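Subject: Structure handover

Hello,

Here is the structure for your next round of work. My notes on it follow below the model.

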Amino acid sequence: MSNFVNGFSKKNKLEKIDWIIKTHFHNNKKAKHLLFSYLNNDESIQNLHDEFIENTISNFYLPFAVAPNFLINGKYYTIPMAIEESSVVAAVSKTAKFWANLGGFKTKILGVEKVGQIHFFYNGSFKKLKSFFKKITKNIIEDLKPITSNMEKRGGGISSLELADMSKKINSYYQIFVKFNTVDSMGANFINTCLEKITEIFKFYVGEKKFLDNGSEKIDFVMSILSNYTPNCIAKASVNCKVEDLKENDELNDENFVENFINAVKISKVDTFRAVTHNKGIMNGIDSVVIATGNDFRSVEAGVHAYASRSGNYSGLSDAYIKDDYFYFELTIPVSIGTVGGLTKLHPLVDWAHNLLGNPNAAELMQIIVATGLAQNFAAIKSLVTSGIQKGHMKMHLLNVLNQLGASPKQKEEAIEYFKNNLVSYKNVREFLNKK
Ligand code: MEV
């Protein structure tokens, strides 16, 4: 049977499931049952999820956890995290407590600027284009008011509109480069609506003011879209303490901890293989809060990695150093997120997560997210330069293996005790269970 289908999107959910089970699973009842077992019994919740995207056939769960004891700028937060990876939440919670005892995280916003671009080609002179653009900029801003006035009332809007000459990179290529403040919304819809309207207005004035020389000149608009690179929408998180406090810390129990920690960060600055893994650890923290708060983790990921490459070399995003006998550990990254709009009020668990955080505004949430990234990075490096990463990982991994092998609660308890002093591997766990 061919797996090609016409009109799939027109089928209702049941019809879609039936088609899939028939064509891809040989009518297997178990495969069908599995999809149904992940549907929500509350019809209103299920309908909501069905409508987030297209062709919905079930729900896809991620564990939803919390990391307590995050002291940020003197206030305690319990941070919601949605992530499938073992150890991340345990490690970050431990780190939160560790730094709470040393004064906690200090965070601040360094900028909230978002960016949108209109890409176009024009085969005439840049000078002429520039003077035309200058003349109509005011009109554009004025004609945009129906779209921007609400955002302006909330303290945001368009902060600048510039013509960028890109013709050295591609012949005849120009941009209208627009900077926005979208206050508490991530702003993708607002920005894209503005950009498409600006293009429309621009085209209108090109015609009305007879900008193009008949015959020889032409202007082609290619696309109008926000940029997920927001190097000026950034927050910084840092922790610091006396070097002695770390050296004498029982938990660390390692004379060379500070030196090794700083060297680990230094390595991430010069070696791409290490930098990517270093930053992946940071993103374990960032993404899980971004997802739990209903934000777009793909956009944050894309922006953060571009930021990590801003010098021309991809490098580790955090900094660690000693100054005046104090150890400093810092992270500054772009996080373009929102606390209104999108899924924030629509998804019941996302709404719950915002309530848990005390309904922060976007600036506060940015800082919470960056602090979580820094904590995650601290936890990873601390493990790497002391006990190694596998010890903590394997403890959590053991539970996954036990679940995979269908261990009973009693077997799990015995296995956890046994594997405190024995090597966790799939084979060893299976043998242990077989002996029981
Ligand atoms: C694992 O998800 C993340 C780490 O590899 C990060 C790191 O190496 O810094 C532990």
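To begin with one pair of residues, G116 stands opposite V178 in β6. Please keep in mind that this is a predicted model.

The sheet

The strand pair behind that first detail is β4 and β6, which are joined by eight bridges in the antiparallel sense. Both belong to an open sheet of four strands, ordered β5-β6-β4-β7, with antiparallel pairing. The edges are taken by β5 (157-165) and β7 (219-227); each has a single partner strand, so one side of each is left without a neighbour in the sheet. On average, and ignoring direction, neighbouring strands here are turned by 15 degrees against each other.

On the other side of β6 (residues 173-181), the pairing with β5 is also described as antiparallel, and it comprises eight bridges. Two of the residue pairs can serve for orientation. D165 has Y174 as its bridge partner in β6, and G157 has N181 as its partner in β6. As background, strands of a sheet pair through backbone hydrogen bonds, in either a parallel or an antiparallel way.

A helix packs on this sheet: α5 (residues 126-143) touches β4 (114-122), β5 and β6. The direction of α5 makes about 170 degrees with that of β5.

The nonpolar cores

Which residues touch the most other members of the largest nonpolar core? They are F70, I79, F105, F261, I286, F327 and F329, in a core of 61 residues. The most is given to this core by helix α13 (residues 362-385), which supplies twelve residues.

F327 is worth listing in full. Not counting residues up to four places away in sequence, F327 touches W99, V239, N240, C241, V243, L246, V258, F261, I262, A320, Y321 and F378. A second core, separate from this one, has 29 residues, including I118, I136, V178 and V206. V178, a member of that second core, is also the residue that stands opposite G116. In soluble globular proteins, nonpolar side chains tend to be buried together.

The ligand site

The residues around the ligand are E85, R274, T277, H278, K280, G281, N284, A380, L384 and I389. Three of the side chains have listed distances to the ligand:

- E85: a polar side-chain atom lies 2.5 Å from an oxygen atom of the ligand.
- K280: an N or O atom of the side chain is 2.7 Å from an oxygen atom of the ligand.
- N284: a polar side-chain atom lies 2.9 Å from an oxygen atom of the ligand.

Backbone and loop details

Two residues other than glycine have a positive phi. H26 has a phi of about 45 degrees and is placed in the loop between α1 (13-24) and α2 (29-37). Is H26 buried or exposed? With a relative accessibility of 74%, H26 counts as exposed, because the cut-off for that class is over 50%.

V183 has a phi near 50 degrees, also positive, and is found in the loop between β6 and α7 (188-208). Its relative accessible area is 29%, so V183 is partly exposed, in between the limits of 20% and 50%.

S58 sits in another loop, the one between α3 (43-52) and β1 (64-72). Here the relative accessible area is 15%, so S58 is buried, the cut-off being under 20%. A polar atom of the S58 side chain lies 2.8 Å from the backbone oxygen of L35. Leaving aside neighbours within four places in sequence, S58 is in contact with L35, Y38 and L39.

The chain as a whole

How many helices and strands does the chain have? The secondary structure comes to 16 helices and ten strands. The chain has 436 residues, of which 44% count as buried. Taken along the principal axes, the C-alpha atoms fill a box of roughly 90 × 70 × 40 Å. Of the contacts in the chain with a separation of 6 or more, 70% are between residues 24 or more positions apart.

Regards

Note on methods. Residues numbered from 1 in each chain as written. Predicted model: local features only at pLDDT ≥ 70, side-chain atom pairs only at ≥ 80, totals over all residues. Heavy atoms only, no water. Pairing = 2+ DSSP bridges. Axes fitted to C-alpha atoms, helices over the stretch in contact; angles between N-to-C directions. Contact = heavy atoms within 4.5 Å. Core = buried A, V, L, I, M, F, W, Y, C linked by side-chain atoms within 4.5 Å. Buried < 20%, exposed > 50% of the residue type's maximum accessible area, 1.4 Å probe, protein only. Near = heavy atom within 4 Å. Polar contact = N/O pair within 3.5 Å; in protein donor to acceptor, adjacent residues only side chain to side chain.
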